[in-house]
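I opened this structure for the first time today and kept notes as I went. The entries follow the order in which I looked things up.

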Amino acid sequence: MFIESFKVESPNVEYTENEIHSVYTYETTELVHENRKGTYQWIVKPKSVKYEFKTDVHVPKLGVMLVGWGGNNGSTLTAGVIANREGISWATKDKVQQANYFGSLTQASSIRVGSFNGEEIYAPFKSLLPMVNPDDIVFGGWDISDMNLADAMARARVLDIDLQKQLRPYMESIIPLPGIYDPDFIAANQGSRANNVIKGTKQEQVQHIIKDIREFKEKNKVDKVVVLWTANTERYSNVIEGLNDTVENLLGSVDKNEAEISPSTLYAIACVMENVPFINGSPQNTFVPGLIDLAIRRNTLIGGDDFKSGQTKMKSVLVDFLVGAGIKPTSIVSYNHLGNNDGMNLSAPQTFRSKEISKSNVVDDMVSSNGILFEPGEHPDHVVVIKYVPYVADSKRAMDEYTSEIFLGGRNTIVMHNTCEDSLLAAPIILDLVLLAELSTRIQLKSEDEGKFHSFHPVATILSYLTKAPLVSPLFILFPIADMNDFIGTHQ
């Protein structure tokens, strides 16, 4: 049975006019290496930590500013929210399609809440805690192209023509704000788009972004703003002592107009200085050490890196299954071709390298978890290839071959073909990231040995479920997704 909403009656949960209070005991284990009767042994001991949570139930009016608003992802997400808000339907070659939020964890997934008369009861994920309704989001953002969003939507070739025709009146007057453009960080083939750029030094560009955020917030009367990077993949920045390794060095480098400070890092600095959450949806190392320290110092939420949508989502599921089943992956070869602007930008070696790193690292933790299959430092051969094929546009093809060692030296090969409509997979993930980021800012917690409530760690580890290369802090609190019910106190 499926229910739309519920309320918890439990000694661990209390509802007030402004907050939901809950108590959650986190059960885990810890290991110690002790000398027992002259022999060192690993001893496993149970450990429990009691946490108190309080969640502000007042849902704000949310503004979302996208860097790369006129790209495939930005125009597709904006179009999708408008289509849902206006209740638009359109003709496809198969049927009359209704707007929906399929592909969104927060909007289209469900959780088990209990049983009734022996029947399992499920409810929407979004009913767990008060969340922003996507239909109410106010969008804004930046792009290095001044193309209006209706034309950008047409250029992207993602949506059906009938839907585009109905959306055009809503989108043709929307023009992104000028963006930061540095040709050293993206492919040279992006230069023809760059007719809408912020001039000046890096410090002037940071101040320009801060001004844009403030004016957007005031003009649209939003309570909160979340900024998300969905622009071109940049090359990796060099992390250099004295340049970007500390807060002082990073900010000093901006003042000195140092060339190695990337546009994405400049946007992130502006957001952190304004205490606005910033999420990186691309694979580059936006969050250099000095920036992470700045976010921690100012207690501003940051999250990333790189949306996990098609091929990599399947890879993380399959490799986890294989290793967990005692099967040893020895070779993983992943080939992609796509024809959107992301593919065009990734045709440059320096930007492809950023994507190659994020796609390759996704299996590392799974491999290191099994010391029976893999020796220390041993990894499967892992190759990632991306080719630009304009004809296929946003309909990315992903082909993978997984070769594994099985019983008595045998070999097993799994071959997978995955056609991913790239932006239609990414747009709901963007939605989830901004909604969960906003929700995270309304939750405070404390453990039983802490006197005061505090926010989550500024490095938003909870968002890593949706990314290829999770940004995590060494000092994070993360609950398994299976414990989400307990996390908000819905246990009995």
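**Sheet, surface and loops**

I began with the strand pairing in this predicted model, and I found an open sheet of 6 strands with parallel pairing, running in the order β10-β9-β4-β11-β12-β13. At its edges I noted β10 (177–178) and β13 (302–303), each of which has a single partner strand, so one side of each is left without a neighbour in the sheet.

I then followed one pair within the sheet: strand β4 (residues 62–67) and strand β9 (residues 138–143) are joined in the parallel sense over 5 bridges. Looking up leucine 66, I found that its bridge partner in β9 is glycine 141.

Next I turned to the surface, where Leu31, Trp42 and Val44 make a nonpolar patch of about 350 Å². Tryptophan 42 belongs to strand β3 (residues 39–56), and I list this residue as exposed because its relative accessibility is 58%, where the cut-off is over 50%.

My last entries concern the backbone in the loops. Glycine 304 and aspartate 305 are joined by a cis peptide bond, with omega about -5 degrees, and I placed aspartate 305 in the loop between β13 and α9 (311–324).

Arginine 157, in the loop between α3 (149–156) and α4 (161–171), has a positive phi near 55 degrees although it is not a glycine, and this arginine is exposed at a relative accessible area of 52%. For leucine 408 I also noted a positive phi, near 55 degrees; leucine 408 sits in the loop between β16 (395–405) and β17 (411–421) and counts as exposed, with 77% relative accessibility.

Methods. Residues are numbered from 1 along each chain as its sequence is written. This is a predicted model: local features need pLDDT of at least 70, side-chain atom pairs count only at pLDDT 80 or more; totals for chains, interfaces and linings use all residues. Side-chain values use heavy atoms; hydrogens and water are left out. Patches are made of residues with over 30% relative accessible area and no salt bridge: like charges are joined within 9 Å, nonpolar side chains (Val, Leu, Ile, Met, Phe, Trp, Tyr) within 5 Å. Accessible areas come from the Shrake-Rupley method with a 1.4 Å probe; for residues, only the protein chains shown count as cover. A salt bridge is a side-chain nitrogen of Lys or Arg within 4 Å of a carboxyl oxygen of Asp or Glu. Helices (H or I, at least four residues) and strands (E, at least two) are DSSP runs, numbered from the N terminus. Buried means under 20% relative accessible area, exposed over 50%, partly exposed in between (1.4 Å probe, protein chains only). Two strands pair if DSSP finds at least two bridges between them.
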